[in-house]
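Notebook open, coffee poured. I wanted to look at the ligand site first, then step back to the whole chain and its odd backbone spots.

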Amino acid sequence: MMLSKRTNWSLQPNELTKVYRARREQGLPILDLTESNPTQCGFQYDANKILNALGNSRALIYEPDPRGLLSARRAAAEYYAERGVHLDPEQIFLTASTSEAYSFTFRLLADAGDSLLVPRPSYPLFDFLTRLNDLDRIDYPLVYDGHWQIDRTALLSRITPRTRAVLAVHPNNPTGSFISREETDFLTACCQEHSLALIADEVFSDYAHGSTPGFQQHSFAREARALTFTLSGLSKISALPQMKCAWVVVNGPEALRRQALDRMEVIADTFLSLSAPVACALPQLLEIRHQMQPQILRRINSNREYLDSQIGPSSEACRLKTEGGWYAILRVPAIHSDEEWALRLLKEDGVLVHPGHFYDFPSEGYLVLSLLLMPAIFEEGVRKLLARVASDSR
Ligand SMILES: Cc1ncc(COP(=O)(O)O)c(C=O)c1O
């Protein structure tokens, strides 16, 4: 075979995708409760400000810098300074996406066949990101007991001599759970003791539920006890995924941090991935968050309240507690597998939801919905979904 084993995926569309495509081809209506592309959810973007930012004449000059343009890194540092975290712009590397920031970090830390500890349930892309870098993904469970927390004993028991780093998503997608300060102390102590790096994904950190916009929680960017990589970017901070701009902040004990920065510079220099128009525009594109985050939080809070208002005390479904992020998780009776629930909802009711196994939930009976949707779509979809759960459970 001419192609790599690491890309030997099964590329057959799954059953849910087949049914979805068939419905679309037949022109049948679909209430897509998985939509999490903010540019498709009816938010008001300041088009002039965004497009003007991209027209900076400075972008006519090529000024390659492995870390990305200094003025852009200063803007990212300023974002953290507002959260009380003071960084040297030299600690920041700009990338085209968080995925790329993950990839750079993985290449820096691990060799083929090494492993990373990854939370479960979590972001589905971790499977691809680890595999594309020839790494083993070893899951550590998050358990729900009124709120989500790390199963610390399980995490410790899964560390092997080949483990290089622990990933933490703050707040996690889709569980919406922030990593508490005690958990942060536990993770850093564990990384120190076992010579592991800590990789923290904070893309959703500005979206604490029920709060005013902005960072309500501690940031891992400040963390210097263990070698720590903190990832974030425009796709969630300013709801601008199409601008392709993210970053990784490197922190940690001085000597280790220095080495990591020097080597990361070579990786970043090999790619020089951020385009000049976006780098020049970053200060203004970050400002856009002040217009987007309040709208998004209002939407998330009101959709969540609507969902709760429809789930009565005797309802067969319940919503798991979330602290942040763009998703809601419904627990439904495991009379069907979560795949069957999703298929049934799509075929019978034209409602698309994500079955829990997309995110590696530990058992059946979890459905994931996006809270970004326009209320009319969200509310109709939720009514149909809950009616189906009620009628099937009878
Ligand atoms: C946890 C998490 N990290 C990162 C991303 C994507 O970030 P980017 O668009 O910068 O690759 C997502 C997107 O949904 C996400 O859920």
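I started at Ser235, where a polar side-chain atom sits 3.1 Å from an oxygen atom of the ligand. I count a polar contact as a pair of N or O atoms within 3.5 Å; within protein, one must be able to donate a hydrogen and the other to accept it, and residues adjacent in sequence count only if both atoms are side-chain atoms. I then checked how covered the ligand is: the protein takes 87% of the 400 Å² of accessible area that the ligand has on its own (Shrake-Rupley method, 1.4 Å probe).

Housekeeping: this is a predicted model, where local features need pLDDT of at least 70 and side-chain atom pairs count only at pLDDT 80 or more, while totals for chains, interfaces and linings use all residues. Residues are numbered from 1 along each chain as its sequence is written, and side-chain values use heavy atoms, with hydrogens and water left out.

Back to the ligand. I found an N or O atom in the side chain of Thr98 at 2.4 Å from a ligand oxygen atom. For Asp201, a side-chain N or O atom is 2.6 Å from a nitrogen atom of the ligand.

Next I listed the shell, taking residues with a heavy atom within 4 Å of the ligand. It holds Ser97, Thr98, Ser99, Tyr123, Val169, Asn173, Asp201, Val203, Phe204, Ser235 and Lys236. By class I get four nonpolar, five polar and two charged (Ala, Val, Leu, Ile, Met, Phe, Trp, Tyr, Cys and Pro are nonpolar, Asp, Glu, Lys and Arg charged, and the others, Gly among them, polar).

Which elements give two or more residues to this shell? I noted α4 (98–109) and α8 (234–237).

Zooming out, I counted 13 helices and 14 strands in the protein chain (DSSP runs numbered from the N terminus: helices H or I with at least four residues, strands E with at least two). The C-alpha atoms fill a box of roughly 65 × 55 × 50 Å along the principal axes.

Last, the backbone. Arg120 to Pro121 is a cis peptide bond with omega near 0°, and Pro121 lies in the loop between β3 (115–120) and α5 (125–132). I logged another cis bond joining Asn173 and Pro174, omega about 5°; Pro174 is in the loop between β6 (163–169) and α7 (181–194). Lys244, not a glycine, has a positive phi near 55°, and I placed Lys244 in the loop between α8 and β9 (246–251).
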